[in-house]
Amino acid sequence: MRAAVFTGHGRPLAVRDIDAPEPDPEGVVVETEVCGICRSDWHAWQGDPLWESRGLEDGHVLGHEPAGVVVDVGEDVEQVREGDHVTVPFNLGDGTCPSCRNGHSNLCDNRLPLGLAPESPGAFGEQFHVPWADFNAVSLPDGVAPIDMAGLGCRFMTAFHALVHRADVTAGDWVAVHGCGGVGLSAVHIADAVGANVVAVDLFDEKLDIAAGLGAVETVNANAVEDVPEEVAAITDGGAHISVDALGIAETCRNSVRCLRKRGQHLQIGLTSSEEGGEVSLPTDLMVANELQFVGTIGMPRPRYDEIFRMLAHGKIDPAAMVSETVSLDQTGEKLASMTDFETVGIPVIDEF
């Protein structure tokens, strides 16, 4: 099969013919219809802190935001059948550990991040393997287009879990979103859908215009103001109730914490790059004095997909609105590299393999 494969940290991906996957006894093979190109792929490609010890080797396949059709089924799989139209969480859980049994499969003790670990090749190719398929293969509702599911990948479901499950967002709250890439725009859209008032912050007017179209009631170009937290505090009459760092650089993380009102919640979604090295200094005295909360969040538990599907079915959310462009497999490496300078807008999706 054809796949865009890793050739070294920061080196161009190469499109090669490689062996197609075969299902293990509890797994299935899915023919890829679409796959988003995510900044987490970029972090792994760069060898940034969370991924630097993963040991990706030449020929590894990235890609963790897919949807497709099951084409081969392992002998011990009971619930998934050939022809099923599925997506998967990017954090693949075994379904049996204490975290999985308690509804937190995104934190599975044995989780495999699809495409982001050597033992779990991803979906930048014509087919991909899903382990523990009875638990991880999520059947798509009738009538849902594959492009919707690419929009519903890592970035959207991570933002959904962050705002709906990890934070205390209520109607009328002010939510500040720092960084309007794919996950930031998803956070804007979801926060608006649950009734919050959103302030979107970014360096690029094009991205802020998209954020406004997705529900942001105010936008802040960080290049145009002297102090982002002061600007957000003025807009929100005292600070945001919830603030999201959707980028993961030191400045956006600190700005997110500093723009909160008393007893506010900071949500850390963005992962750091090598410049931060996995750590960011924070205004801890301010956090103590104002009883601020710092909340980490990653992915979304597999059992909670139905919440998104119900909102999707009733037109409350539109993951496809985050999809900015479709590209071919041959363009994947170029599109991934463009994330280095934040050149992508929204969610680019591979739809031609």
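Two strands are taken as paired if DSSP finds at least two bridges between them. The exercises below apply to a predicted model.

**Exercise 1. Pairing around strand 17**

Determine which strands pair with strand 17 and in which direction each runs relative to it.

Solution. Begin with strand 16, residues 323-328: five bridges join this strand to strand 17, and the two run parallel. Within this pair, Val327 has Ile350 of strand 17 as its bridge partner. Turn next to strand 3, residues 28-36, which is joined to strand 17, residues 347-352, by two bridges in an antiparallel arrangement. Here Gly36 stands opposite Val349 of strand 17. Because the cut-off is at least two bridges, the two bridges between strand 3 and strand 17 suffice for pairing.

**Exercise 2. The six-stranded sheet**

Establish the strand order of the open sheet of six strands, its edges and the helix that lies across strand 14.

Solution. The order is 12-11-10-13-14-15, and the pairing is parallel. The edges are formed by strand 12 (216-221) and strand 15 (293-296), each of which pairs on one side only. Between neighbouring strands of this sheet the average turn is 20°, with direction ignored. For a single pair within the order, take strand 10 (residues 174-178) and strand 11 (residues 197-202): five bridges join them, and they run parallel. His178 stands opposite Val201 in strand 11. Finally, helix 9 (residues 250-258) lies across strand 10, strand 13 (240-245), strand 14 (260-268) and strand 15. The helix runs at about 150° to strand 14.

As background to any reading of such a sheet, side chains in a regular strand alternate between the two faces.

**Exercise 3. The largest cavity and Met157**

Describe the largest cavity by volume and lining, then characterise the surroundings of Met157, one of its lining residues.

Solution. The count of cavities of 30 Å³ or more is one. The largest cavity holds about 40 Å³ of space. Its lining consists of His64, Glu65, Thr87, Val88, Met149, Leu152, Gly153, Cys154, Met157 and Tyr305. By class, six of the lining residues are nonpolar, three polar and one charged.

Met157 is found in helix 5 (residues 154-166). With a relative accessible area of 1%, Met157 falls under the 20% limit and is therefore buried. Leaving aside residues up to four places away in sequence, Met157 touches Pro89, Phe90, Leu152, Gly299, Met300, Tyr305 and Ile308. Leu152 and Tyr305 appear both among these contacts and in the cavity lining. As for His85, this residue is 72 residues from Met157 in sequence and 18 Å away in space, C-alpha to C-alpha.

**Exercise 4. Two loop residues**

Is Gly95 buried or partly exposed, and is Ser338 buried or exposed?

Solution. Gly95 lies in the loop between strand 6 (91-92) and helix 2 (98-101). Its relative accessibility is 26%, so Gly95 counts as partly exposed. Excluding residues up to four places away in sequence, Gly95 touches Cys100, Arg101 and Phe135. Gly95 and Cys108 are 13 residues apart in sequence, and their C-alpha atoms are 7.8 Å apart in space.

Ser338 is placed in the loop between helix 12 (332-337) and strand 17. Ser338 is buried because its relative accessible area is 13%, the limit being under 20%. Under the exclusion of residues up to four places away in sequence, Ser338 touches Glu343 and Thr344.

Terms used: Residues are numbered from 1 along each chain as its sequence is written. This is a predicted model: local features need pLDDT of at least 70, side-chain atom pairs count only at pLDDT 80 or more; totals for chains, interfaces and linings use all residues. Side-chain values use heavy atoms; hydrogens and water are left out. On a 1 Å grid over the protein atoms alone, a cavity is a set of points where a 1.4 Å probe fits but cannot get out, and a pocket is an open set with protein on both sides within 12 Å along at least five of seven lines; lining residues have an atom within 4 Å of a point. Grid points are joined across faces, edges and corners, and a volume is the space filled by probe spheres set on the points. Ala, Val, Leu, Ile, Met, Phe, Trp, Tyr, Cys and Pro count as nonpolar, Asp, Glu, Lys and Arg as charged, and the others, Gly among them, as polar. Helices (H or I, at least four residues) and strands (E, at least two) are DSSP runs, numbered from the N terminus. Axes are lines fitted to C-alpha atoms, for helices over the stretch in contact, and angles run from 0 to 180 degrees between N-to-C directions. Contact means heavy atoms within 4.5 Å. Buried means under 20% relative accessible area, exposed over 50%, partly exposed in between (1.4 Å probe, protein chains only).
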